[in-house]
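Hi everyone, thanks for coming. Please have the viewer open in front of you, and we will walk through this one together.

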2 protein chains.
Amino acid sequence: MIEESIDYKNYHESIISLFTIDKGKVKILLVRKQTEPYRGYWILPSDFVPVNQTLEGVLQELVYDKIGYQDFYMEQCHTFSRLDRDPDDRVIATSYIGLLDSTTAILKREERPEVESAWFDINEIPKVGYDHEEVIRYSIDRLRSKIVNSTVLKSLFPSDFTLPEIQKVYEEILGVHLDRRNFRKKFINLGLIEDTGYKNEGMNGRPAKLYRFKENVKERNLF
Amino acid sequence: MIEESIDYKNYHESIISLFTIDKGKVKILLVRKQTEPYRGYWILPSDFVPVNQTLEGVLQELVYDKIGYQDFYMEQCHTFSRLDRDPDDRVIATSYIGLLDSTTAILKREERPEVESAWFDINEIPKVGYDHEEVIRYSIDRLRSKIVNSTVLKSLFPSDFTLPEIQKVYEEILGVHLDRRNFRKKFINLGLIEDTGYKNEGMNGRPAKLYRFKENVKERNLF
DNA sequence: AATATAAGTGTGAATAAAACACAAAAGGGG
DNA sequence: CCCCTTTTGTGTTTTATTCACACTTATATT
């Protein structure tokens with residue numbers, strides 16, 4: 001079935017766009033490449049897929065190394081197969097998006113200090129190596145289309161949040177301005193969240209009520 | 001960067017779920033496997049990806065061989081990496097959906113008569129080999145979520161169609177019953193189609209008006 | 001000419017979305 | 001301590017969209 005004269009074996013890599021929310025801003029994790037090619041460039045975390053591991057397995061390990069956490073929401077995004085996407089070898093790549101809430105998304109102190117990692121605001125992404133600009137674009141598009149899903153929301157927000165915070169994230173990801181009253185009305189009526197009874201004190205202006213997600217929120221589309 | 005002791009090279013295959021509409025029914029193309037494993041089983045058309053070709057390139061060639069047509073709407077669906085999805089080798093697979101209108105979706109007379117191909121109603125799919133049942137499920141889900149997109153509609157319907165035809169396809173894919181009056185009103189108001197002036201004669205009952213898609217329909221979501 | 005079959009057509013009720021402005025709770029400064 | 005600034009919280013009206021619903025018309029058949 002497979003002709004021996006043609007090479008049918010490809011390297012395959014898993015790539016992840018890890019997102020989190022920090023102070024109302026959407027952030028993505030990048031790492032700095034230490035070796036040629038693209039030495040010194042920021043790129044998305046990625047790793048080659050050995051024959052004895054799944055695409056998801058590779059990423060769970062990878063994220064566990066960085067964050068110490070492997071039980072997070074992850075969803076496949078797109079597979080890239082352009083012939084010249086890697087200058088050295090033919091590497092097919094499958095990208096995923098992953099979501100962490102801000103209390104989880106804390107980078108481990110690196111055992112290997114030469115591996116630099118950092119969270120970047122999705123509106124201030126530096127020049128990146130390989131075709132990762134395209135990969136990031138696909139990831140943000142996916143995030144945008146998924147933000148109307150309850151699972152995604154729950155993964156992205158820590159237990160206590162305010163409605164203005166969540167509204168800002170919506171506005172940032174969707175690139176629109178929303179009316180505060182209409183947003184609150186709609187969001188509260190979805191029945192996903194409950195008042196904790198606490199307030200977000202210490203800030204300027206009237207303190208916002210703190211909400212949490214209810215226990216048994218089923219995955220569904222919201223809007 | 002790549003440890004030599006571990007095998008990082010995988011076979012990679014492209015799989016396609018080709019859909020078309022025939023007499024108001026949604027059909028998918030399957031081929032009969034001639035060799036072990038799964039000899040005699042129906043499977044989706046698929047081929048291995050050599051290092052010098054893209055995922056899409058492989059499928060364009062594959063479909064050209066079967067249909068004689070390579071300029072069709074195609075969209076990536078999902079990449080499958082379960083370790084045991086192929087009993088012989090580690091094969092990662094990327095699936096696509098492809099759409100053909102009924103005037104294009106005509107199987108070539110096979111040069112190799114031993115390669116059997118056939119269109120199956122998506123509600124009457126036989127037992128299939130490998131993990132292709134799962135692949136088909138993903139494909140139909142994708143088709144369902146895409147049917148509300150103008151590009152998809154235009155690819156799936158030939159130049160002259162009736163509103164009852166298109167409504168039946170909606171009902172079949174979405175699995176719902178729609179009110180004829182509301183459907184017509186909504187669909188005509190979208191501004192995608194125009195009356196050809198002709199009628200679908202020769203059938204029982206009042207003949208339906210024939211419509212066509214307007215020339216410059218931009219891709220957008222409809223519903 | 002009568003009958004059967006499938007297509008074509010409009011209106012009112014219910015629901016959802018959008019527009020809109022002022023009051024309340026805190027912190028900071030004089 | 002009072003006033004000012006900042007940010008959150010809250011209801012109503014208007015508009016647009018969706019849903020429910022029944023009779024007429026064009027053709028093929030007998």
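**Two chains on DNA**

Let's begin at the DNA: helix H5 of chain B gives the largest share of the surface near DNA strand C, four residues. Before going on, please keep in mind that this is a predicted model.

Stay with DNA strand C for a moment. It is surrounded by 20 residues, and the closest are A:Arg181, B:Arg180, B:Arg184, B:Gly205 and B:Lys209. Of the strand C atoms that come within 4 Å of the protein, sugar and phosphate make up 41%. Which elements supply at least two residues each to this surface? They are H5 of chain A, together with H5 and strand E9 (208–213) of chain B. By class, the surface near DNA strand C has eleven charged, five nonpolar and four polar residues.

Now some individual contacts with strand C. A polar side-chain atom of B:Arg180 sits 2.4 Å from a base nitrogen. The side chain of B:Lys185 has an N or O atom 3.0 Å from a base oxygen. On the backbone of the DNA, a phosphate oxygen of strand C is 3.4 Å from an N or O atom in the side chain of A:Lys199.

Let's turn to DNA strand D. Here, too, 20 residues surround the strand, and the closest are A:Arg180, A:Arg181, A:Arg184, A:Gly205 and A:Lys209. Sugar and phosphate account for 41% of the strand D atoms that come within 4 Å of the protein. For this strand, H5(A) gives the largest share of the nearby surface, four residues. Helix H5 (180–189) and strand E9 (208–213) of chain A, along with helix H5 (180–189) of chain B, each supply at least two residues. The classes are five nonpolar, four polar and eleven charged.

Please find A:Lys209 on your screens. A polar backbone atom of A:Lys209 is 2.7 Å from a phosphate oxygen of strand D. Another phosphate oxygen contact involves B:Lys199, whose side chain has an N or O atom 2.9 Å away. B:Arg181 goes to a base instead: a polar side-chain atom lies 3.4 Å from a base nitrogen of strand D.

How do the two chains relate? In general, two copies of a chain are related by a rotation about an axis and a shift along it. Here, chain B can be laid on chain A by a turn of 179° and a shift of 0.0 Å along the axis, with an RMSD of 0.1 Å. That is the relation of a two-fold axis. The same surface serves both copies, as 100% of the contact residues of chain B recur in chain A.

Next, the largest pocket. Its volume is about 1400 Å³. Of the 28 residues that line the pocket, the closest to its centre are A:Arg142, A:Ser145, B:Arg142, B:Ser145 and B:Lys146. Strand E5 (73–80) and helix H2 (132–146) of chain A, and the elements E5 (73–80) and H2 (132–146) of chain B, each supply at least two lining residues. The lining divides into seven nonpolar, ten polar and eleven charged residues.

One last stop, in the loops. In chain A, the peptide bond from A:Glu36 to A:Pro37 is cis, with omega near -10°. A:Pro37 is in the loop between strand E2 (25–32) and strand E3 (42–43) of chain A. That loop also holds A:Tyr38, which has a positive phi of about 65° although it is not a glycine. In chain B, a cis peptide bond joins B:Glu36 and B:Pro37, with omega about -5°.

Methods
Residues are numbered from 1 along each chain as its sequence is written. Chains are lettered from A and ligands numbered from 1 in the order in which they are written. This is a predicted model: local features need pLDDT of at least 70, side-chain atom pairs count only at pLDDT 80 or more; totals for chains, interfaces and linings use all residues. Side-chain values use heavy atoms; hydrogens and water are left out. On a 1 Å grid over the protein atoms alone, a cavity is a set of points where a 1.4 Å probe fits but cannot get out, and a pocket is an open set with protein on both sides within 12 Å along at least five of seven lines; lining residues have an atom within 4 Å of a point. Grid points are joined across faces, edges and corners, and a volume is the space filled by probe spheres set on the points. Ala, Val, Leu, Ile, Met, Phe, Trp, Tyr, Cys and Pro count as nonpolar, Asp, Glu, Lys and Arg as charged, and the others, Gly among them, as polar. A residue is near a molecule or strand if one of its heavy atoms lies within 4 Å of it. A polar contact is a pair of N or O atoms within 3.5 Å; within protein, one must be able to donate a hydrogen and the other to accept it, and residues adjacent in sequence count only if both atoms are side-chain atoms. Copies are superposed by least squares on the C-alpha atoms of residues with pLDDT of at least 70 in both. Contact means heavy atoms within 4.5 Å.
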